[in-house]
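Visitor: Before we go through the labels, could you show me the model and then set out the cut-offs behind them?

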Amino acid sequence: MGVVGGEAGVDHPPPDPVVRLEGLTKDYGRHRALDGIDLTVGPGEIFGYLGPNGAGKTTTIRLLLGLLRPTAGRATVLGLDSWRDSTAVHARAGYLPGEPTMNGRLTGRELVSYFAALRRRPADVTSATGLADRFDLDLDRRIRALSRGNRQKLAIVQAFMSDPDLVVLDEPTSGLDPLVQQEFHQLLGETTARGATVLFSSHVLNEVDRVADRVGIIRQGRLVAVEHLADLRAKALHRVEARITGPVDLGPFRSLDGVRDLTVEDGVLRCGVPRPSLDGLIKALGRYPVADLSVTEADLEELFLAYYSEASADAA
Amino acid sequence: MRLSVFARTARDQRRSMVAWAIGLVLLVGMYVGVYPSVKGSGSSFTKLIDQMPKTFRALFTTGGGVDFTTPAGYLNTELLTFMGPMLVLVYAIGAGSALAGEEDRGTLDLLLANPIGRARVLLEKFAALAAGVAVLMTALWLALLVEGSAAGMDVPLAHAAAAVLHLGLLGVEFGALALLVGALTGRLALARAVPAGVAVAAYLVNGFASIVSWLGPIRASSPFYQYIGHDPLRTGLSPTAVLVSVLGIAVLVGLATASFRRRDVLT
């Protein structure tokens, strides 16, 4: 899904995707942790990488940063090989590890100064100070004296301070309270607004739900689905409950596209329908006296689980 | 070229470095302080040691002779044969395992995510180890000169320098071994235990080589032999021993770099 050059008469080669995984495979001894992942993420995109713990999210991210060596396949960032050209990749990427561990004897400021020096970008300290203010983080306290949430903030600050073209975040919001999460989501928006790309992993879908453009669902080392969030939402079922007086003919409801779990019990009709079928459902209900009606959007979590059960059904 | 990893590591070591230097100065002070009373009965000490079973003597004198009647002989046996190397090795193995320590604690992931090559990180960690040992050896040298002359033990300046240089190389060599084990395995416990075990073996090989004939041919491979086999406090610098030690260190660091670049970083 490369972007085709726009201007007429000028033949631009398609730009390198920011992230490209090709048959990316990683074995730990006999255990295959990652099995042939193919994925591209384009510029300005926020990509949510979803899966339960142990599915291979962290392995993918650490391969992408050249901390692990692929068993087969490869990962590239902006056309640079993650393993062979890892130093060049690091110059363009910010990284937030899943369990960020930093030297506890340093203060936050010492840590960001150290990393800014390693990046040969002394001005990053200024940008880190700005980010820390924004997240209400005291950079002058020793890291070991920081709470888990504040450590996470510091890890976020160092990942974003160099204005990287790609930010790779492993479970970024763990330990953050909701207000800080909101600020963080805003930061993600600003990051992509300046053209940078964000790839972040999570095992909670409704977190990704609010910010991601696309999501990939990984399960047991395989990428089982990559979807635009809008499409995913369209597939998400709405739970409908309608209290109807009198007998109901289920026929018109059964013929609705994608309807599931249709039941009538004690005068209450229940079913799940995807958004495109809502209109038909309302019209079918219109023929009956409706005493009460509730429609709730099933959270993506349920859809997520549905994906998982499908995948395990395939495996069986 | 900014040596940021070196600078950071050196700063992290600074406080313990001061404690180590003070410890060495006090240790030298203690040995020097008791020398007048040992000197008076120097020959009887020597006789006592001469009467010890050959194996014990080899162990405590690293195969060399014992002479408590001269300051150099006394310091050689008391300070440079056992206590000195032991302390330097504990320090150097600790400093050499700093990289494995970062990996063990999990701070290496973020460090290596910066645009700096793994080889560069390893070499700067090695430089910090070598610099730390150099600082300690300078402190030891100054202590020998100042405290020695205050006690009327005139230790020749150049010979004392040669002795601490050889001792420093011994330390750096085992520190480099710790670095190699850490680079290979990423395990802090191994990076400390393996060099400690090898040091004991190397010490025994050098010590027993004078009485166990089959150890003779491998004696020169012991870093302890390169360090003290030629009795540097009395004979001064041995360029050959320096060269052998430096080559050994270069091989260890080279292997460490090669293996560290090839493998996965542990979480």
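Guide: A residue counts as buried if 20 or more other C-beta atoms lie within 10 Å of its own, exposed if 12 or fewer, and partly exposed in between, with C-beta atoms placed from the backbone. This is a predicted model, in which local features need pLDDT of at least 70, side-chain atom pairs count only at pLDDT 80 or more, and totals for chains, interfaces and linings use all residues. Residues are numbered from 1 along each chain as its sequence is written, while chains are lettered from A and ligands numbered from 1 in the order in which they are written.

Visitor: Why is Asp163(A) called partly exposed?

Guide: Asp163(A) has 14 other C-beta atoms within 10 Å, a count between the two cut-offs, and therefore Asp163(A) is partly exposed. Its phi is near 45°, a positive value in a residue other than glycine.

Visitor: What makes Asp261(A) buried or exposed?

Guide: With 10 other C-beta atoms within 10 Å, Asp261(A) falls under the rule of 12 or fewer and is therefore exposed. Asp261(A) also has a positive phi, of about 50°, although it is not a glycine. Most residues other than glycine have a negative phi.

Visitor: How do you know that the span of helix α1 of chain B agrees with its number of residues?

Guide: Helices are DSSP runs (H or I, at least four residues), numbered from the N terminus, and the expected span is 1.5 Å times one less than the number of residues. The 37 residues of α1 (residues 4-40) of chain B should therefore span 54 Å, and the end C-alpha atoms are 53 Å apart, which agrees.

Note on methods. Helices (H or I, at least four residues) and strands (E, at least two) are DSSP runs, numbered from the N terminus.
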